Amino acid sequence: MKLFNTLSREISELTPLDGNQFRMYVCGPTVYGPAHIGNFITFTRADILYRTLKVAGLNPYYVRNITDVDDKTIRSSQEQGMTLSAFTEKWTTKFHEDCALLNLLIPDVEPRATEHIPEQIDIVQKLMDKGHAYQGADGSVYYRVKSFCCYGKLSHFDPEELRTQDTNSAGRANDADEYERDNVADFALWKARKPEDGDNYWESPWGQGRPGWHLECSAMSIKYLGETFDLHAGGEDLCFPHHENEIAQSEAATGKEFCRHWMHSTHLMVEGKKMSKSLGNFFVLQDLLDKGYSAMAIRMAFLNGHYRQQLNFTFNGLDAATSALGKLAEMLEKILPEGKELSDYRGGIVSDFGSLSNAWMALSNDLNTPAALGAMFSALKKLAKTKPQVEALEVDLKAIAALTYALGLEVEVASLRKQQEAKPVVEVPADIAALAEKRSEAKKAKDWGTADALRQELQEKGWKIIDTREGYSVEPC
RNA sequence: GGCGCGGUAGCCAAGUGGUAAGGCCGAGGACUGCAAAUCCUUUAUCGUCGGUUCGAUUCCGUCCCGCGCCUCCA
C-alpha cells in the first residue's frame with residue numbers, strides 16, 4: 001500500500017511503526033451545523049483509506065475527533081439559547097447519521113475536544129516549561145514559532161516569508177496587533193476567557209480560558225495513538241496552519257517525531273466554483289437526498305476523482321454516478337450465483353485478486369479510485385460475458401467483494417432482483433388500467449393508430465406501458 | 001508576491017517514451033408493429049510554440065488559460 005506523503009512530497013510505502021498496527025488520525029468535523037458535501041468528501045476519502053488498509057492487511061487503528069469547542073460552536077449555541085454541550089451533541093448526532101448514510105465506517109475512537117482539557121493543558125505546560133510558549137498581555141498563551149527548528153516542513157512554507165509578509169494576495173492584512181503576539185506567526189495554545197465566551201471556559205494554570213484549535217488534535221492523537229504515530233489526514237486547507245502547528249507543538253513538547261505520514265484531500269468544487277452560500281452551490285447531504293439522489297450515488301461520484309486532484313462536483317456527474325451504480329448492480333447480478341450476495345464473499349485476507357488485480361493495484365497505489373473503478377468495470381464486463389466456472393469464479397468474487405468493500409460501495413443484488421420482480425405489483429388506478437386494457441385490445445386488433453394514441457395518452461397521465469412476452473405491464477413514468 | 005496543482009473525446013476521468021482505461025451522454029445495429037428494456041458496435045492524436053529523441057500526449061523549456069493554500073475553512 002503506497003500513498004503520497006505531504007511531508008516528503010513523494011509516494012511511499014505505508015508501514016506500521018510498531019510492525020503490528022497502523023495508527024491513523026483524521027481531523028474530524030467542527031459540529032456547529034450540518035456538514036456539507038465538501039466536508040464529506042474528505043471524510044469519505046479517509047474512510048476509503050481506512051478500508052483499503054484493512055483489505056491490505058495493515059490492521060489500521062482509526063481515530064477521528066469531534067471539535068466541540070471553538071468560536072463558531074460557542075457563538076451558534078448562544079444564538080440558539082442552548083448550552084454548548086447540548087448544541088454540539090445535536091450536530092454530532094446529525095453528523096453520525098450522515099456518515100451512516102454515506103457508508104462511512106465508525107472510527108475506533110472518536111474523542112471530543114472538551115473531554116480532553118487536562119491533556120491539552122498538559123501539553124501547554126510542557127511547552128511553557130521548555131520555553132516554547134509564553135503568555136501574552138491578553139492572558140492567552142502563545143506558541144513561539146521561531147523556537148521550533150522545523151516550522152514549515154509540512155506545508156513547505158518559508159517561516160521568514162510568513163514573518164515578513166504583511167499582506168497576502170487576498171489583500172487581507174496579517175494584523176499582529178489584534179492578537180497581542182510577539183510574532184504574527186505565533187498561534188494561540190490557550191485562549192484567555194473573554195466575556196462573550198459566557199460559561200464556556202475552563203480553569204488552567206494561566207487563568208480561565210479554553211484551548212486553542214490546534215491543541216486538541218495534538219493532545220488526542222498522542223493520547224490514543226502515542227507520541228509518534230503512522231498517519232494523519234485531513235483537508236488540504238488544514239495543511240497550513242493547522243497541521244503545521246500540530247507538528248510544532250507536539251514535537252516541541254515530546255521531543256519526538258509527531259507523525260510519519262501526512263495525507264491531504266483536495267477541496268471539492270461545485271459546478272466549477274468554490275462552494276459558497278452566496279453562489280447557491282452550497283450543499284449539505286440532505287439537499288441532495290431531497291433531490292432524489294442516493295447517498296451511495298454521491299459516494300460513487302466522489303470515487304470518480306483522485307483525492308489529490310480537484311474534483312468538480314456537478315449534477316451531471318451525480319446522474320452519471322447513479323447510472324454507473326445501476327450498471328454495476330446489473331453486472332454483479334449476472335456474475336453472482338443465484339441467491340448469493342457480495343457480502344457472502346467477504347472476510348479473510350485476500351491474497352489473489354484474480355482478474356481484479358489491476359483494480360487492486362490502482363487502489364493500493366496512492367488510492368487511485370478512478371483507475372480502480374475503471375479496471376473493475378472492465379473486469380466485471382468480461383466476467384459477466386464469459387461466466388466462468390464456479391470454482392474459477394470464487395477467486396474473482398472474493399476479489400470483487402474486497403474491492404467494493406475498500407471503496408465502500410454497497411450493491412445489494414437481492415434487492416435489485418426483488419425490485420425487478422416487484423415492479424408489476426405497483427398499484428395502478430382503475431382508469432389507467434382501463435386505458436391500458438383498451439390499448440392492449442387495439443394492439444391485438446393491429447389497430448396501431450389507436451394503440452399509439454392510447455400509449456400517448458397514458459404517457460401524458462404519467463404512466464408507461466411495457467410490452468412483455470406474456471402481455472404488458474403498466475408503470476409510473 | 002511565496003508555495004503548489006491542472007488543461008486528455010459532448011461531459012467526468014485514468015494512463016503510458018512507441019500512435020490513448022473506464023463511466024455518463026449520443027449515434028448505428030439486433031430485438032420490437034412501435035416504444036421501453038437488454039445486447040452488440042461506435043465516437044479523441046492528449047492547451048500553445050519550441051527542444052531532446054529513431055519516435056512524445058507522456059521528458060525539458062516558453063507562452064496562454066483555469067484552480068488551490070498563504071493564520072482558525074474539509
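User: What phi does Gly255 take, just after α7?

Analyst: Gly255 takes a positive phi of about 75°, directly after α7. The model is predicted: local features need pLDDT of at least 70 and side-chain atom pairs count only at pLDDT 80 or more, while totals for chains, interfaces and linings use all residues. Residues are numbered from 1 along each chain as its sequence is written, chains are lettered from A and ligands numbered from 1 in the order in which they are written, and side-chain values use heavy atoms, leaving out hydrogens and water.

User: Why is α7 called a helix, and what span should its residues have?

Analyst: A helix is a DSSP run of H or I with at least four residues, a strand is a run of E with at least two, and both are numbered from the N terminus. Helix α7 has 16 residues, 239-254. The expected span is 1.5 Å times one less than the number of residues. For α7 this gives 22 Å, and the end C-alpha atoms lie 21 Å apart, which agrees. In total, chain A holds 16 helices and 15 strands.

User: What makes α7 largely enclosed by the rest of the structure?

Analyst: Buried means under 20% relative accessible area, exposed means over 50%, and partly exposed lies in between (1.4 Å probe, protein chains only). In α7, 14 of the 16 residues are buried, so the helix is largely enclosed. Of the 477 residues of chain A, 50% count as buried.

User: How do you know that a disulfide joins Cys149 to Cys150?

Analyst: A disulfide is a pair of cysteine sulfur atoms within 2.5 Å. The sulfur atoms of Cys149 and Cys150 are 2.3 Å apart, which meets the cut-off. The structure holds one disulfide, and this link is left-handed, with -70° about the S-S bond.

User: Why does Cys149 count as buried or exposed, and what of Cys150?

Analyst: Cys149 has 68% relative accessibility, so it counts as exposed. Cys150 has a relative accessible area of 28%, and is therefore partly exposed.

User: Why is the sulfur of Cys217 not bonded to that of Cys27?

Analyst: The closest cysteine sulfur to that of Cys217 is in Cys27, at 3.8 Å, which is too far for a bond. Cys217 is buried, with a relative accessible area of 2%. Cys239 is also in no disulfide, its nearest cysteine sulfur being that of Cys27, 11 Å away. Cys239 is buried at 13%.

User: What makes a space a cavity, and how many are there of 30 Å³ or more?

Analyst: On a 1 Å grid over the protein atoms alone, a cavity is a set of points where a 1.4 Å probe fits but cannot get out, and lining residues have an atom within 4 Å of a point. Points are joined across faces, edges and corners, and a volume is the space filled by probe spheres set on them. There are three cavities of 30 Å³ or more.

User: Which element supplies the largest share of the lining of the largest cavity?

Analyst: The largest cavity holds about 80 Å³, and its lining includes Thr44, Arg45, Ile48 and Met263. Helix α1 gives the largest share of this lining, three residues. Domain 1 (2-265) and domain 2 (270-420) each contribute at least three residues, the bounds coming from an automatic or database domain assignment. The second largest cavity has a volume of about 50 Å³, and residues lining it include Val26, Thr42 and Arg45.

Methods:
On a 1 Å grid over the protein atoms alone, a cavity is a set of points where a 1.4 Å probe fits but cannot get out, and a pocket is an open set with protein on both sides within 12 Å along at least five of seven lines; lining residues have an atom within 4 Å of a point.
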